[in-house]
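Reader: I would like a close look at how the helices pack against one another, with the residues in each contact set out. Please go on from there to the single residues that deserve a careful reading, such as the cysteines and the backbone exceptions.

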Amino acid sequence: MSSSATLVQESTRGTPVHGSYDIIVAGGGPAGYAAALGAARAGASVLVLEQAACLGGIWTAGLLPWIIDQQTRGSIMGELRDYILNQAGGTLVGTTLGVDPELLKLRLETDLLAAGVRLRYNTMIAATCKSSDGRTVTHAITESKAGREAWQAKLFIDCSGDGDLAARAGCGFDYGNEHGLAQPTSLGVIVSGIDPERLEIELPRAIRKVKLCEFLREGCLEPSYSLPGLGYLGHGLFFYAGAHQYNRRFDDPDALTAALIEARAEAHRQIEILRRRGGLWANLRLHGTASALGIREARRIHGRGTVTVDDIIEGRSTPRTVCRSHFGLDVHSPDPARTRGIDMPMEIQPRPYGIPWEALVARDCDNLLMAGRCISGDFLAHSSYRVTGTAVALGEGAGRGAARALQRGILPAELTDEDLATFTGDLADQ
């Protein structure tokens, strides 16, 4: 074969089926953890396929254990909140929970193992097999150190964040705004060496983001994000988010590699500039940068229904609402030429709204659900429902809804209002 060939022809081969389950969950982040736990507690056999080496997604591999829009949620999110505040030494900052990511890794894993969930780490979704009519996913195909394997299930839940399983199954999706631009990525950073009480006195939250940006500019660095964040997680640990990487597509590994390199270098420069200020910052230390880039936006998989910005403006809810969101719009500008901060229509006044079951049900596959930020929604609505407190509730709803469908021998789209009421009440406002 010529060395200049643009394609390599692989031989056809059989792929071993490694296991069969009621439900396979793709991704073990906040949504995937809750989907698996909800389904297993409802009696389903569940496998989680996770590409990282831990559960928790953005909380753990992404080093951003900062749980937004959790304050009204019961059931699994309520259990986590109780653990974080009463056992893990975490924090409640306004309505946001902070927690040591290592403690969270262990808790999430312990929960799923206790419920009988099978976990497979370091395993990436590579393809799917479907029925002859193309409407049913029969197997997820993965790649790992074990090579290529197939996993069979009756129902699948895509909690990958990026919508990887649904895309491999041929589902349609939307991406970005009307110009095809998505929100920037960020790299999670954990720091220590700051007195939290002194921080609140010298740099209260109301002015912290603006002042941090000023400090960096005084140190001769123009930050890629004009509103750096610093939040207390407990045990002397803080998360720090001071950089953005623009126009880096989630499905371009070369672009993501460059983003990781740039973000890590900028994080170290920013922390050094702050340390040189002395005083409050004299003992500042960078403990770690995330192994996974924080991707705000990827595929929004087409569902049987779609969450729209009009739903948020009007505060819509229906009897088929899985959970309600109380978080406003939060668009990190996709275009740094406009602003390196938050960019959204100021005339919009968000109201709490319901996310309907149909936004979790794939349009193009009958036995596929989504939960987390890859559900069906428009660009502006996505900037609200993508936060992790909402992801937990959506994941639990998807898991319990999938188990209910299996119990009744029907497809997820066929669940009635009465079926949904058996679990959505637990996810309602407390």
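Author: In this predicted model, α1 and α3 are roughly parallel to each other, on a scale where angles under 35 degrees count as roughly parallel, over 145 as roughly antiparallel, 65 to 115 as roughly perpendicular and the rest as oblique. The reason is the angle at which the axes of α1 and helix α3 (residues 101-114) cross, roughly 25 degrees, while the axes come within 9 Å; an axis here is a line fitted to C-alpha atoms, for helices over the stretch in contact, and angles run from 0 to 180 degrees between N-to-C directions. Helices (H or I, at least four residues) and strands (E, at least two) are DSSP runs, numbered from the N terminus. On the α1 side the contact (heavy atoms within 4.5 Å) is made by Y33, A36 and L37, and on the α3 side by L108, D111 and L112. By class, the residues of this contact of α1 with α3 comprise five nonpolar, no polar and one charged, where Ala, Val, Leu, Ile, Met, Phe, Trp, Tyr, Cys and Pro count as nonpolar, Asp, Glu, Lys and Arg as charged, and the others, Gly among them, as polar.

The helix α1 (residues 30-41) also packs with helix α2 (residues 75-86), their axes being 10 Å apart and the angle about 115 degrees. That angle makes α1 roughly perpendicular to α2. Here Y33, A34, L37, G38 and R41 of α1 meet I76, E79 and L80 of α2, and these residues of the contact of α1 with α2 divide into five nonpolar, one polar and two charged. Y33 and L37 of α1 therefore appear in the contact with α2 and again in the contact with α3.

Another helix pair lies further along the chain, where helix α10 (residues 388-408) and helix α11 (residues 417-427) have axes that come within 10 Å and cross at roughly 155 degrees. That crossing angle makes α10 roughly antiparallel to α11. From α10 the residues A393, E396, G397, R400, G401, R404 and R408 take part, and they meet D419, T422, F423, D426 and L427 of α11. The contact of α10 with α11 has, by class, three nonpolar, three polar and six charged residues.

Two buried residues connect stretches that are distant in sequence. A381, found in helix α9 (residues 379-385), counts as buried because its relative accessibility is 0%, the cut-offs being under 20% relative accessible area for buried, over 50% for exposed and in between for partly exposed (1.4 Å probe, protein chains only). Although A381 and D310 are 71 residues apart in sequence, their C-alpha atoms are 8.4 Å apart in space. Beyond its neighbours within four places in sequence, A381 is in contact with V307, T308, V309, I312 and Y353. G163, in turn, is in the loop between β9 (147-158) and α4 (164-168), and G163 too is buried, at a relative accessible area of 0%. Its C-alpha atom is separated by 7.1 Å from that of R300, which is 137 residues away along the chain. Setting aside the neighbours of G163 within four places in sequence, the residues in contact with G163 are D158, R299, I301 and C374.

The backbone exceptions are L63 and C220. L63, a residue other than glycine, has a positive phi near 50 degrees; L63 is placed in the loop between β2 (46-49) and β3 (66-67), and at 14% relative accessibility it counts as buried. C220 is likewise not a glycine and has a positive phi of about 70 degrees; C220 lies in the loop between α6 (205-218) and β12 (229-234), but with a relative accessibility of 75% C220 counts as exposed.

C220 leads on to the cysteines. The structure holds zero disulfides, a disulfide being a pair of cysteine sulfur atoms within 2.5 Å. C129 is in no disulfide, since the nearest cysteine sulfur, that of C365, is 12 Å away, and C129 is partly exposed, with a relative accessible area of 33%. For C213 the closest cysteine sulfur is in C220, at 13 Å, which is too far for a bond. C213 is buried, at a relative accessible area of 3%, whereas its closest cysteine partner C220 is exposed.

Residues are numbered from 1 along each chain as its sequence is written. Local features need pLDDT of at least 70 and side-chain atom pairs count only at pLDDT 80 or more, while totals for chains, interfaces and linings use all residues, and side-chain values use heavy atoms, with hydrogens and water left out.
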